[in-house]
Number of protein chains: 2
Amino acid sequence: MTPAAGLLDTPGRAAPSLSTAGLHASLSDPALTSMTLLNEITGAYPDAVSFAAGRPYEEYFDSEALHRHLRLFTRYLETERGMDRRQVRRTLFQYGATKGIVGDLIVRHLLLDEGITADAADVLVTTGCQEAMVLVLRALRRDARDVVLAAAPTYVGFTGAARLTETRVLPVPEGPAGLDPAAVGRAADEARAAGLRPRALYVVPDFSNPGGARMPEAARRELLRVADAHDLLVVEDNPYSMFHDGSGRPPTLKSLDRSGRVVYIGSFAKTAYPGARIGYVVAGQQVAEGGTLTDQLAKLKSMLTLNTSSVAQAAIGGLLLENGCSMERACAREAAVYRRNLRAVLDGLAARFPRGGPVGWNAPEGGLFAVVTVPFTADEAALEESAERFGVLWTPMYHFYAGSGGLNQIRLSFSVLTETDIAEGLDRLRAFVAARTP
Amino acid sequence: MTPAAGLLDTPGRAAPSLSTAGLHASLSDPALTSMTLLNEITGAYPDAVSFAAGRPYEEYFDSEALHRHLRLFTRYLETERGMDRRQVRRTLFQYGATKGIVGDLIVRHLLLDEGITADAADVLVTTGCQEAMVLVLRALRRDARDVVLAAAPTYVGFTGAARLTETRVLPVPEGPAGLDPAAVGRAADEARAAGLRPRALYVVPDFSNPGGARMPEAARRELLRVADAHDLLVVEDNPYSMFHDGSGRPPTLKSLDRSGRVVYIGSFAKTAYPGARIGYVVAGQQVAEGGTLTDQLAKLKSMLTLNTSSVAQAAIGGLLLENGCSMERACAREAAVYRRNLRAVLDGLAARFPRGGPVGWNAPEGGLFAVVTVPFTADEAALEESAERFGVLWTPMYHFYAGSGGLNQIRLSFSVLTETDIAEGLDRLRAFVAARTP
C-alpha cells in the first residue's frame, strides 16, 4: 500500500482549504469588512458613552406583553377569522402561506398611520426589512446591466443586500432636504447612456439613516414624476416616519403614488421591537404575465426563507390588535423619548460648539440620528482614540458613502441614551474634538 | 405646454413595465414554476386524500406549550446564564448576536441525539434550514465556475437555494442505499476536467426527500474519504434521522468527520414545528485568514436577514430545555406516528399491487416519504386526473430530477395522514393506476 493510499484509508485527515479569496466577493468588500471592524471597536469599550448603537430604546420592552399579544392574536384568529382551535394551532405552528398571516392587520395599520391603501394580497411579510430589500434586489437584478440608484449616504443594510445580490448601486447625493429629484433623473439618464438598466431608486424619505434628511412634499411629488418619466421603481423604506419632532408629517411616497411606481418596505423593528424580525414589502405592481411583483417576491422568498416565523408574526399581530392597528399609538412612548433626545443632542451641540466655528451639524426634524461635521478625518483611528482617551463612541460617516465622501463627518445615534448620557457624551465629544482640532 | 409635459405634470400616470423576462432567472425556472403549478393543483382538491403535503404531523401542536416554553427559556436566561430582568428583555426583544441565542442548547442536543461534538461559536442559527442552504451556497459560489454536487433526486428547497444564488448543481444519482461515494468522486473529477470547481456535495444521508434512501455506515465513511481525496465539503442536511423504523441508526456524517469536511445543517421544523422557522448550520472549518466558515456565514446572514427572530428562538429554546435538550424525546410521539404510517403505506401497497407486477415501490427504513413506480407518465396531467376522477393526490417525482428522470415515479408523503386515510388513499391510488395502466 502506498502512503497516499494509506492516507486515503483514514477518513478525515485532509482539512479543507478555505480562504476568503475563494468565497463570495461580498465577504471581502471593504465597506462591509470595515463595519465589522467598527463593531469590534465599539464592543471593546463597553463603558464609553455610545452614540454608535443603532438600536431602539429598550426600557419599555415587556416580557409579559409578549404573552398577552400571542393570546390576543389567537383569540382574533378564532373570533374575527372564524378558525377553530385546530386551525389556530395550524396557523401558529405549521408551514403556512408564503405571504404570511398578518397582512390584513398591516393593511389596517398602513391606512391608519400612513394614508396608504393596500390590498392584503399585495403584502409579503418578511424576516425583517433586510429580507425585503434582498428580495426586491434579487427580483430586479437579472444580470450585471441591472443597477439601482440609491440616496447617498446610504443605509448600510441596503448596501449589504446589494453586495449579496451582486447589484451595482449608483449613488445620488442627498442634501439636508433629502434627494433632489432632478439629480435622480440625471443619474438614470447617465446609467442608460452607459448601457445600464436603472431599475429602481432606493430612498428613505423620512429621516434617513444616517443622513437624517426628510423630503418635503413637493419634492416627493416631483420624485414620482421623475420615476414616471424615467421608468424607475421607487423603493420607499420607511422605518422612522413616526419619530418626527411634532411639527407634522408629509405624506409617504406610497400614499402619493398613482401609477404604482412605489414599492413600499416597512418594519416593526423600531415601532415594536427588533427581536421579532418582522418587516414587509408592498409591491402590487402588475407583471405582464399575470399577478403582481409581490407574487414574484413571494416565489423568491420560498427559496430564501420559505416562511416568516408565524410565532413572531403572531406576537406582532397581537401588538397591532392591542393598539387598534395604530403603530403610532403603539410606539408613542418611544417617539417621545426620541423627540426629547433629538432636542437634547441639538441643544447640547449648540451649547458646546460656537456657531460658525469649525464644527457643524445638521438639524433633522426627527429620526434617531444626527450628523456632525468635524475639522479632521473621522476614521477608525480617530474613533479608537475617541473611545480610549475620551470614552465616547460614534460612527464614522464615510462607511455610508462607499468611498465617495463623509470622511470628516460622524453620526450620532441617540435612541438608547438618557439625557444625562447625552450631556456627558457631548462633553466628552467636545474634549475629543478640541484635542483633534488643528 | 406640450401634451408630454402635461402628462409628466400629473404624478403616477405611467405604470411601470414589468415582465418575468426582466426579472431574475430563477423566477422563470421550469423546475420551480412547475412546483407552483403543483401547489395549485393540490390546492384545488381540498377533499382528496393527499399524499402530496410534505408537512409534519400536527395533532400534537399545543398553543399552551408555546407559553410554557417561552417562560422556561426566560427562567433559563436568569438562572443558568445569570441575566437580570433587563438583560433578559434585551435578549428577547433587541437586536442580538448574529449567530443567535440558542447555540449552546443546540450543542447539547447535537451531542445527545447525534453524537456530534460542536462548539457553540460554530453554530449559526438561521431562519429555517432554507436560509442555511442559501448562506452556504452564497459563500461558496464566487463565480460561475463554482458548482456543487447533489444527490439526485434532490430536495426542491436545495434546488431553489441554488437557483437563487445562481449556483449550478451537478446531479449524482442516488440508489436505494443512497449515494455511491465512487460516483461522487467521478462527478468531481468530471467537473474539474470541464474547468469547474466542485466546492461541495449536498446530501441528506438519512431518509432523503424524496428518495427515502439511507446510507449505510460503510458508505458514509467512504464518502468522507472521497471528500478528502477530492477536496470537497460535504453539506449534510439532517431533518429526518430521528424518524427511523426502530431498527437503529447509523452515525451522522458529521459525527464521523475527523478533518472538518462536513458542514452540518439542522432543522427544528420536523422535530419541533415549522412555524418557528428555526434551523441552523454548523461550519467550524477554519478559513485561512482567520476565524471559521461559520463566521463568514454569519457575515452573509447579517446582509440577508440580520438576526433570526429571538422570540422564535426562545420558543424553541424552551422546548429544548423542557426535553433536556433531546429532540428525540421531544418528537417521540410524532416519530411513532411516522413509523406506524410508513408500515401502513408499505403493507398497504403490498396488499394492493402484486409483487413482480408493473407497479413497484421502494422500502425506506424511515422518513416521511415512499416512492412508487408506475407504468405510465406521472406528470401534472396524470395528477389532475388522479385528483379529479379518483380523489387522491401525490407528487410527480420528475420535479426532483431537474429534467433527468423520474417521469414514471410518484412520491407518497404520509406524515399528516391517519391509517384510515392511508387505506382509503391507497384504494383510490389502485383505481387510478388501474385506469392508467395500458
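**Exercise 1. Charged and polar pairs across the interface**

Identify the chain A residue with which B:Arg138 forms a salt bridge, and place this pair within the contacts between the chains.

*Solution.* Step 1: B:Arg138 forms a salt bridge with A:Glu166, and their closest N and O atoms lie 3.7 Å apart. A salt bridge here is a side-chain nitrogen of Lys or Arg within 4 Å of a carboxyl oxygen of Asp or Glu. The model is predicted: local features need pLDDT of at least 70, side-chain atom pairs count only at pLDDT 80 or more, and totals for chains, interfaces and linings use all residues. Residues are numbered from 1 along each chain as its sequence is written, chains are lettered from A and ligands numbered from 1 in the order in which they are written, and side-chain values use heavy atoms, with hydrogens and water left out.

Step 2: Across the interface of chain A and chain B, the rule finds eight salt bridges.

Step 3: On the side of chain A that touches chain B, helix H11 (residues 293-304) gives the most, with seven residues. Helices are DSSP runs of H or I with at least four residues, strands are runs of E with at least two, and both are numbered from the N terminus.

**Exercise 2. Extent of the interface**

State how many residues each chain gives to the contact and what area is buried.

*Solution.* Step 1: Chain A gives 96 residues and chain B gives 96 residues, contact meaning heavy atoms within 4.5 Å.

Step 2: About 8,800 Å² is buried between chain A and chain B, and carbon and sulfur atoms give 58% of this area. Buried area is the accessible area (1.4 Å probe) that two parts lose on being put together, summed over both.

Step 3: In chain A, the residues that lose the most area to chain B are A:Leu18, A:Phe93 and A:Met303, together 9% of what that side buries.

**Exercise 3. Relation of the copies**

Determine which turn and shift lay chain A on chain B.

*Solution.* Step 1: A turn of 180° and a shift of 0.0 Å along the axis lay chain A on chain B with an RMSD of 0.0 Å. The superposition is by least squares on the C-alpha atoms of residues with pLDDT of at least 70 in both copies.

Step 2: This is the relation of a two-fold axis.

Step 3: In chain A, the C-alpha nearest the axis belongs to A:Ala312, 3.0 Å from it.

Step 4: The copies meet through the same surface, because 100% of the interface residues of chain A are also interface residues in chain B.
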